[in-house]
Amino acid sequence: METDEDARRKARKLNTDRLRRFYERRQPRGAGDTLLALGRLAHMGSLQLVHKAFRGKSLYERLLYMDAYDAAPRFVVPLENTMALEGHAARFECDVAALTEPLITWYYERQLLKIGHKYQMFYDDRHYSLVIKDSDVDDVGKYTCKAVNSYGQATSSAFMEIQYMGDEELARRGEIGRASCRERV
């Protein structure tokens, strides 16, 4: 009976060119030509358990064929509706998984948002955030996050609402003039 260690020793002795030709003959019909390392794909979720099993052990190059649909961005955690207190910051958050780094753009009512004092965008690995500072009635509406890479695109949308301060709170802050703005809406 052959053990895993014996199989690894035999695999090391194979010529790389012969092994590559062998896999090219076995390539399934309709599969793409994408060749990726197992460790890179393991972070995408579907091979996460395999990655945990081999962590700390040496990995060998494997040929993996995948469809372009699998490489397109997808929202693992989509945007959720949010409510902000008038005059305070609001935050939208989402997680995007993609084979290659996606380009993230944010929209408010189909208008592209630009980074500035009002809108701040943060990125950490695959976690993306939009912070809207000093929110008021003009910020109520639909916000959309769009992720695009060379394999495709995905969008996620959510709505923001404002919780207004009472007249006594506005008077205490010395902003009683803002109460008349609400009456117009």
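A residue counts as buried when its relative accessible area is under 20%, and as exposed when that value is over 50%, with partly exposed in between. The model discussed here is a predicted one. By this yardstick Asp-139 is buried, because its relative accessible area comes to just 3%.

Asp-139 also has a charged partner: its side chain meets that of Lys-118 in a salt bridge, at 2.7 Å from N to O. Lys-118 sits in the loop between strand E5 (111-112) and E6, while Asp-139 sits in the loop between E7 and E8, so the pair ties together parts that are 21 residues apart in sequence. The two ends of this bridge fall into separate classes of accessibility, since Lys-118 is partly exposed at 25% and Asp-139 is buried at 3%.

The structure holds two salt bridges. The other pair is Glu-93 and Arg-91, whose side chains meet at 3.7 Å, again N to O. Here Glu-93 is partly exposed, with a relative accessible area of 36%, and Arg-91 is partly exposed as well, at 43%.

Glu-93 leads on to the strand pairing, as its bridge partner in E7 is Ser-129. Strand E3 (residues 90-97) and E7 run antiparallel and are joined by six bridges. E7 is also paired with strand E6 (residues 119-124), once more in the antiparallel sense and over six bridges. Asp-124 has His-127 as its bridge partner in E7. E6 and E7 make a hairpin with two residues between them, and Asp-125 in that turn takes a positive phi of about 60 degrees.

So how enclosed is E7? Five of the six residues in this strand (residues 127-132) are buried, so the rest of the structure largely encloses it.

E7 also feeds the largest nonpolar core, which has 23 residues; those touching the most other members are Phe-92, Cys-94, Trp-106, Leu-113, Leu-130, Ile-132 and Tyr-143. Two or more residues of this core come from each of E3, strand E4 (103-108), E6, E7, strand E8 (141-149) and strand E9 (152-163).

Leu-130 gives a closer look at the packing. Setting aside neighbours within four places in sequence, Leu-130 is in contact with Ala-90, Arg-91, Phe-92, Trp-106, Leu-113, Tyr-119, Gln-120, Met-121 and Tyr-143. Among these contacts is Arg-91, whose side chain also takes part in the salt bridge with Glu-93.

Technical notes
Residues are numbered from 1 along each chain as its sequence is written. This is a predicted model: local features need pLDDT of at least 70, side-chain atom pairs count only at pLDDT 80 or more; totals for chains, interfaces and linings use all residues. Side-chain values use heavy atoms; hydrogens and water are left out. Buried means under 20% relative accessible area, exposed over 50%, partly exposed in between (1.4 Å probe, protein chains only). Helices (H or I, at least four residues) and strands (E, at least two) are DSSP runs, numbered from the N terminus. Two strands pair if DSSP finds at least two bridges between them. A nonpolar core is a set of buried Ala, Val, Leu, Ile, Met, Phe, Trp, Tyr and Cys residues joined through side-chain atoms within 4.5 Å. Contact means heavy atoms within 4.5 Å. A salt bridge is a side-chain nitrogen of Lys or Arg within 4 Å of a carboxyl oxygen of Asp or Glu.
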